[in-house]
Amino acid sequence: MKTMKHTYCFLALSGLIALNSCKDDDPISGNPVMDFKTEAADAYFGDSLPFTINATDVDVPLSTLKAQLYFGEEMVSQTVIRTKVSGEDYTGKIYIPFHANIPNGTATLKFILQNINFTITEKEQDLYVSRPDFPYMTLVTSDAEYRMNRIAVNEYGVTKSFPSQVKGYLKSPKMGDNGNELNFGWSNGGIVEHETAAIPFSNSKAGRYAITFNSYSYEATPFIKFKVNGQEMEMLDEANYMVDMNLQQGATLSITGIPSFDEWWMDTDFFEKQPDGTFRFVPVSGDYRLKANSVNKYFVVEAMKGTEPATLQADGTGAMWVIGDGIGKPSLAANEVSWNTDKALCMAQVAPKKYQITGVAGKQLNANSINFKFFHQKGWGGEYSDKTLTTASNLVFVGDGENGRDKGNLGLPEGTALEAGFYYRFTVDLSAGRDNAVLSVEKMGEEPAVERNPLFDGAPMIQVDENNFKVERDFVPGNEFTIGGDVILSDWWLDSDYFEMSGDKIRFTAAAGKYRITANYTFKYLQVDLMDGSSLASLKPDGSGAIWILGNGIGKPSFDNAPAWSGSRGVCMAPVAPGKFAVTLEPGVQLSVTNLDVKFFHQCGWGGEFTAKTLSTDSPLLEITSSGNVNLKKDAVLNEEATYILTMDVTAGNDNAVLSLTEK
């Protein structure tokens with residue numbers, strides 16, 4: 001019995017202790033108190049709004065102070081501060097978001113003070129938020145900054161001479177005491193805030209034009225938007241746009257947004273133009289990648305398998321590719337394939353297991369020599385040989401390694417040529433299987449002539465090719481002439497190194513001499529070259545003659561037409577005085593401010609050239625490399641509003657040339 005009594009006493013005591021323990025553990029809720037040391041005034045979107053609050057709780061330690069901003073019912077911003085000591089002032093900032101298409105209005109600013117027992121005190125304030133009307137914005141490119149002046153409420157613009165492609169982001173100045181510098185860049189095909197990825201502004205051509213931005217709607221200009229059946233093409237780089245589509249054979253394609261689209265070359269293997277300006281898709285139904293090249297002005301079409309170029313399958317379906325010499329689209333001059341697999345041409349599968357490629361001799365096909373072959377893929381790997389490809393054509397032969405062509409390469413029989421100006425269609429039939437290909441070659445009709453009728457002083461100019469017509473004659477300063485026919489001179493660029501307008505006539509202004517004037521329809525300008533008899537002039541030992549520029553970053557009418565390193569396309573400097581030659585350049589138009597890399601030559605082509613030993617410069621903007629190439633210095637800053645004259649002075653001898661760059 002004693003044991004049981006002691007047990008009851010222990011249990012009773014335990015219960016009492018438990019009751020007392022529960023009573024001691026009852027939480028104290030506390031009383032968080034906020035005393036505002038600052039009152040929220042009106043604010044701008046994009047501000048970091050400061051606040052100071054004295055936070056106390058005499059009973060329970062504090063935990064956090066939260067500042068929350070609401071647009072309507074949505075919390076759009078929050079700041080959290082740890083509140084370790086009661087009775088202290090706590091200071092912070094809350095960011096007021098800047099987004100597109102949010103009008104001025106009243107937001108709700110909520111402050112929440114919480115202690116460690118989760119007891120909270122809340123207070124709300126109305127906050128009127130308005131959009132800052134910046135006095136200006138700035139366009140930031142990789143090499144320069146351009147001030148965009150305010151042209152209307154929330155609207156900013158800069159008008160200057162720009163290349164056809166400008167890549168940069170936008171930034172605003174800070175507004176008011178609480179403002180932030182805001183950046184606007186490119187993301188997921190549009191302009192967004194807090195981003196510095198370059199916005200791909202694009203214009204139909206280089207020259208003087210406006211770049212604009214609306215800080216309310218985020219609308220900006222200019223953008224060239226190439227669309228196929230309303231689907232926008234993705235910009236790959238400054239010259240190329242792309243879209244992947246599933247296309248049905250015979251489908252109608254509407255191509256829009258391309259400036260001067262009538263000047264583009266359209267591949268008849270893939271596109272058949274309709275009377276209403278649309279195009280019928282020629283190949284079999286399937287997945288295709290369409291790429292628009294704005295420099296060479298044509299479409300590349302490639303059959304696709306998922307995200308990769310399609311390959312030729314064992315049953316003869318898929319895709320067939322062409323690599324080699326003597327073929328190129330849109331022309332040999334602009335884009336010969338040669339053995340560069342990146343340029344491989346996809347043949348059009350016009351019927352199941354039948355592939356074709358068509359070109360005009362003298363344009364897409366070398367009329368005198370071809371040396372290309374057919375491949376299973378866009379690159380090295382499976383290819384056709386004389387064992388897997390046969391032909392009964394008398395226009396071409398298939399190489400066997402001993403007949404003048406490597407195995408599978410195509411050639412023209414000895415003593416024959418393709419007739420210039422006529423279409424030739426190469427068709428490969430795989431009906432009998434991939435390894436039993438049969439090639440046929442058909443001479444089609446003559447390419448329709450493009451009607452051009454440029455007149456020099458009322459007389460027809462001599463045709464050089466489809467887009468170029470010339471006249472050669474002696475000129476002296478002050479000679480006047482007219483250019484007419486189908487040339488609308490107001491749409492053409494006039495070279496101020498050689499010409500000025502005199503009423504409705506053109507006045508020649510350069511030094512006396514024999515010149516070739518070429519009406520270039522591709523770039524719509526009059527190209528001027530110095531002549532020596534019937535040949536292009538070259539620099540003579542006495543400093544007379546001509547000096548030529550090759551390379552990148554200088555071109556007429558814009559550096560989109562830079563000669564690069566093609567010896568036949570040099571820029572002829574104008575003779576301005578004995579032993580002095582000059583070229584007038586507008587930054588961002590004829591002169592690239594980011595990619596100048598040129599060299600000066602004694603002739604239009606390779607041969608005599610100015611080197612680091614024979615050429616110096618007195619310009620603080622230029623540098624001459626050890627190889628004799630001329631670049632802009634990395635820290636060079638050009639006046640975008642100015643025009644510059646690049647002058648070569650050989651009065652001290654051709655081996656002591658001095659190059660200068662001065663503002664006009």
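User: Which residue in β7 stands opposite A67?
Analyst: This is a predicted model with residues numbered from 1 along each chain as its sequence is written; local features need pLDDT of at least 70, side-chain atom pairs count only at pLDDT 80 or more, and totals for chains, interfaces and linings use all residues. Side-chain values use heavy atoms, with hydrogens and water left out. Strand β4 (residues 62–71) runs antiparallel to β7 (residues 105–115), and eight bridges join them; helices (H or I, at least four residues) and strands (E, at least two) are DSSP runs numbered from the N terminus. In β7, the residue opposite A67 is F111.

User: Which strands stand at the edges, each with a single partner strand?
Analyst: Five strands form an open sheet of mixed pairing in the order β2-β8-β7-β4-β5, where two strands pair if DSSP finds at least two bridges between them. An edge strand has a single partner, so one of its sides is left without a neighbour in the sheet. The edge strands are β2 (43–44) and β5 (74–82).

User: How far apart are the ring centres of F45 and F71?
Analyst: F45 is in the loop between β2 and β3 (48–56) and F71 is in strand β4, 26 residues apart, and the pair links distant parts of the chain. Both residues are buried, meaning under 20% relative accessible area, with exposed over 50% and partly exposed in between (1.4 Å probe, protein chains only). Rings of Phe, Tyr and Trp (its six-membered ring) pair if their centres lie within 6.5 Å, with planes under 30 degrees apart counted as stacked, over 60 as edge-to-face and the rest as tilted. The planes of F45 and F71 are at 85°, so the pair is edge-to-face, and the centres are apart by 5.9 Å.

User: Which charged end sits over the ring of F98?
Analyst: A charge sits over a ring if NZ of Lys or CZ of Arg is within 6 Å of the ring centre and within 35 degrees of the ring normal. One such charged end sits over the ring of F45, 5.7 Å from its centre. Over the ring of F98, at 4.4 Å from its centre, sits the charged end of R131.

User: Is the pair of W565 and W606 stacked or edge-to-face?
Analyst: W565 is in the loop between β51 and β52, and W606 is in the loop between β55 (597–601) and β56 (615–617), 41 residues apart. W565 is partly exposed at 31%, whereas W606 is exposed at 54% relative accessibility. The ring centres are 6.3 Å apart and the planes are at 25°, so the pair is stacked.

User: How many aromatic pairs does the count come to?
Analyst: The rings also group further: F226, Y241, F261, W264, F271, F279 and F299 form one aromatic cluster. By the ring-pair rule, the number of aromatic pairs is 41.

User: Why is there no bond between the sulfur of C572 and the closest cysteine sulfur, in C604?
Analyst: A disulfide is a covalent bond between the sulfur atoms of two cysteines. The cut-off used here is a pair of cysteine sulfur atoms within 2.5 Å, and a search of the whole structure finds zero disulfides. Both cysteines are buried, C572 at 4% relative accessibility and C604 at 19%. The two sulfurs are too far apart for a bond, at 8.1 Å.

User: Which residue does a cis peptide bond join to T221?
Analyst: A cis bond also runs from K556 to P557, with omega near 0°, and P557 lies in the loop between β51 (548–552) and β52 (571–572). The bond at T221 has omega of about -5°, and its second residue is in the loop between β17 (220–221) and β18 (227–228). That residue is P222.

User: What is the positive phi of A564?
Analyst: N229, in the loop between β18 and β19 (231–232), has a positive phi of about 50° although it is not a glycine, and N229 is partly exposed at 39%. A564 is in the loop between β51 and β52 and is partly exposed at 27%. A564 is not a glycine either, and its phi is about 55°.

User: What is the radius of gyration of the protein chain?
Analyst: The chain has two helices and 60 strands, and its C-alpha atoms fill a box of roughly 130 × 70 × 55 Å along the principal axes. The globule rule (2.2 Å times the number of residues to the power 0.38, with the radius taken over C-alpha atoms) gives 26 Å for 664 residues. The chain is well over that, so it is more spread out than a compact globule, with a radius of gyration of 37 Å.
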